[in-house]
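Thank you all for coming; I would like to walk you through one structure this morning, going from a sheet to some salt bridges and then to a few single residues. Please keep the sequence and the model in view while I talk.

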Amino acid sequence: MAVIGTRGYPSYYGGFETAVRRLVPSLADWGWDVTVYGRNAAQKDDPERDPRVTVRQTRGIESKALSTLTYGFTSSADAIVRGTDVALVMNVANGFWLPLLRLRGVRTVVNVDGIEWERAKWGKLARAVFRAGAWLTAKFADTIVVDAEAIGDYWRKKFGRESVFIPYGGDLGAGLEVPLGLQHRRYVLVVARFVPENTIAEFLEAAEILAGEHDIVIVGSNGYGGELEQRAGQLDDGHEKVRWLGHLSDDRLLHALWEHAGVYFHGHSVGGTNPALVQAMALGAPTVALDTVYNREVLGPDHNAFVAAEPSELGTERARRRYSWRSVSEGYEAALRQLLVKEK
């Protein structure tokens with residue numbers, strides 16, 4: 001089988017990459033011959049990399065608008081030439097290449113992610129591309145995977161397609177030490193990509209006030225510079241209590257920050273199940289979340305609409321029961337195996 005549409009394995013860039021990093025060793029355990037396609041810049045000399053997983057790098061155009069499309073095309077073409085029975089495809093932008101995969105007999109499971117054409121970071125052309133990719137995904141994907149039940153409802157109403165619900169997973173707390181000389185439950189944490197729909201601008205504005213009394217830790221960037229990164233840098237330079245760490249690839253440090261935070265701010269306004277929110281919940285971080293249908297779905301009916309004032313054993317148990325990496329991997333394995341059974 002092939003995995004198409006992420007930055008590679010192992011990669012620590014975002015939710016797709018984390019899911020693949022946790023999924024493919026389990027697939028190898030269950031007897032799958034796994035190849036993960038990625039980009040040259042994404043590969044790392046990681047001692048935890050599973051040697052049973054084949055990593056292939058293809059060419060593409062490194063840009064905000066064209067990288068997903070171009071790498072998706074070259075990965076799909078390579079998978080067709082080398083031969084694969086089934087492919088796990090991430091992101092509806094790769095829906096353009098599903099007809100090619102189907103033509104060559106490759107069955108596909110597609111994780112559609114969120115509703116990309118509603119994201120403010122994309123211009124009109126990019127939104128049109130995502131809509132077209134979604135339409136092609138609805139038409140040509142063998143199985144559609146959604147990471148939130150609300151996204152499944154959208155695909156049923158908008159495209160007439162049923163889907164399989166498989167969320168992201170989270171790691172439970174491991175008793176990590178308080179990092180970076182901070183104090184337990186005495187700092188405010190935000191972890192997000194620097195895009196408008198994650199309410200980062202509003203958080204940075206609030207941080208100007210909060211930094212008068214509280215330590216502030218900002219994790220994230222957008223990878224392309226811009227106004228939000230400039231403002232975060234100015235806060236870091238101008239306030240002793242503000243630390244901007246940029247993008248973190250160190251899971252241990254990131255988990256420690258969640259585990260000991262006084263408040264974690266989650267301002268994501270679009271998309272489905274967000275991996276950062278799942279992980280924060282699993283680690284018991286007191287959470288202030290934007291009130292959206294997706295955030296409510298993750299946090300559950302017992303979570304206040306906006307605030308969990310204390311670390312919640314109930315939330316941690318919810319993560320253990322509903323958002324474990326074991327159950328996520330089993331869900332993908334079942335979806336992939338079902339396609340092979342149908343093929344026979």
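Before I describe any pairing, one definition is needed: two strands count as paired if DSSP finds at least two bridges between them. I should also say at once that what you see is a predicted model.

With that in mind, let me begin with strand β8, residues 187–191, and strand β9, residues 215–219, which pair in the parallel sense over five bridges. To place one of the contacts for you, Val188 has Ile216 in β9 as its bridge partner. These two strands belong to an open sheet of five strands with parallel pairing, and the order across the sheet is β10-β9-β8-β11-β12. At the edges are β10, residues 242–246, and β12, residues 287–289, each of which pairs on one side only. On average, neighbouring strands of this sheet are turned by 20° against each other, if direction is ignored. Lying across β8, β9 and β11 is helix α6, residues 200–210, and this helix runs at about 160° to β9.

Let me turn now to the charged side chains, since the structure holds 19 salt bridges. One of them brings together the side chains of Arg22 and Asp171, with 2.7 Å from N to O. That pair links distant parts of the chain, as Arg22 sits in helix α1, residues 15–29, while Asp171 sits in the loop between β7 and β8, 149 residues apart. Arg22 is partly exposed, with a relative accessible area of 30%, and Asp171 is also partly exposed, at 21%.

A more local case is found in helix α2, residues 67–82, where Asp78 and Arg82 lie four residues apart, about one turn of the helix. In an α-helix there are 3.6 residues a turn, so residues three or four places apart point the same way. Asp78 and Arg82 form a salt bridge, their closest N and O atoms being 3.1 Å apart. Which partner is buried, and which is exposed? Asp78 is the buried one, with a relative accessible area of 16%, which falls under the 20% cut-off, whereas Arg82 counts as exposed at 53% relative accessibility.

Another pair that I would point out is Arg322 with Glu297, whose side chains meet in a salt bridge at 3.9 Å, N to O. Here again distant parts of the chain are linked, with Arg322 in helix α11, residues 313–322, and Glu297 in helix α10, residues 293–299, 25 residues apart. Arg322 is partly exposed, with a relative accessible area of 25%, while Glu297 is buried, at 13%. Separately, salt bridges that share partners join Asp29, Asp50 and Arg52 into one network.

Helix α10 comes up again when we look at helix α5, residues 149–159, in which Ala150, Ile151, Gly152 and Trp155 are buried. The elements that cover these buried residues include α4, β6 and α10. Just after α5, Gly160 takes a positive phi of about 70°.

I will finish with two single residues, and the first of these on my list is Asn111, which is found in strand β5, residues 107–111. Asn111 is buried, with a relative accessible area of 1%. Which polar partners does the side chain of Asn111 reach? The side chain reaches the backbone nitrogen of Asp113 at 2.9 Å, and a polar contact of 2.8 Å joins the side chains of Asn111 and Tyr332. Leaving aside residues up to four places away in sequence, Asn111 touches Phe16, Val89, Met90, Asn91, Val92, Val145 and Tyr332. For a sense of distance, Asn111 and Ala141 are 30 residues apart in sequence and 9.8 Å apart in space, C-alpha to C-alpha.

The other residue is Ser76, which takes us back to helix α2. Ser76 counts as buried, at 2% relative accessibility. A polar atom of the Ser76 side chain lies 2.8 Å from the backbone oxygen of Gly72. Beyond residues up to four places away in sequence, Ser76 touches Ile4, Trp97 and Leu101.

Conventions:
Residues numbered from 1 in each chain as written. Predicted model: local features only at pLDDT ≥ 70, side-chain atom pairs only at ≥ 80, totals over all residues. Heavy atoms only, no water. Axes fitted to C-alpha atoms, helices over the stretch in contact; angles between N-to-C directions. Contact = heavy atoms within 4.5 Å. Salt bridge = Lys/Arg side-chain N within 4 Å of Asp/Glu carboxyl O. Buried < 20%, exposed > 50% of the residue type's maximum accessible area, 1.4 Å probe, protein only. Polar contact = N/O pair within 3.5 Å; in protein donor to acceptor, adjacent residues only side chain to side chain.
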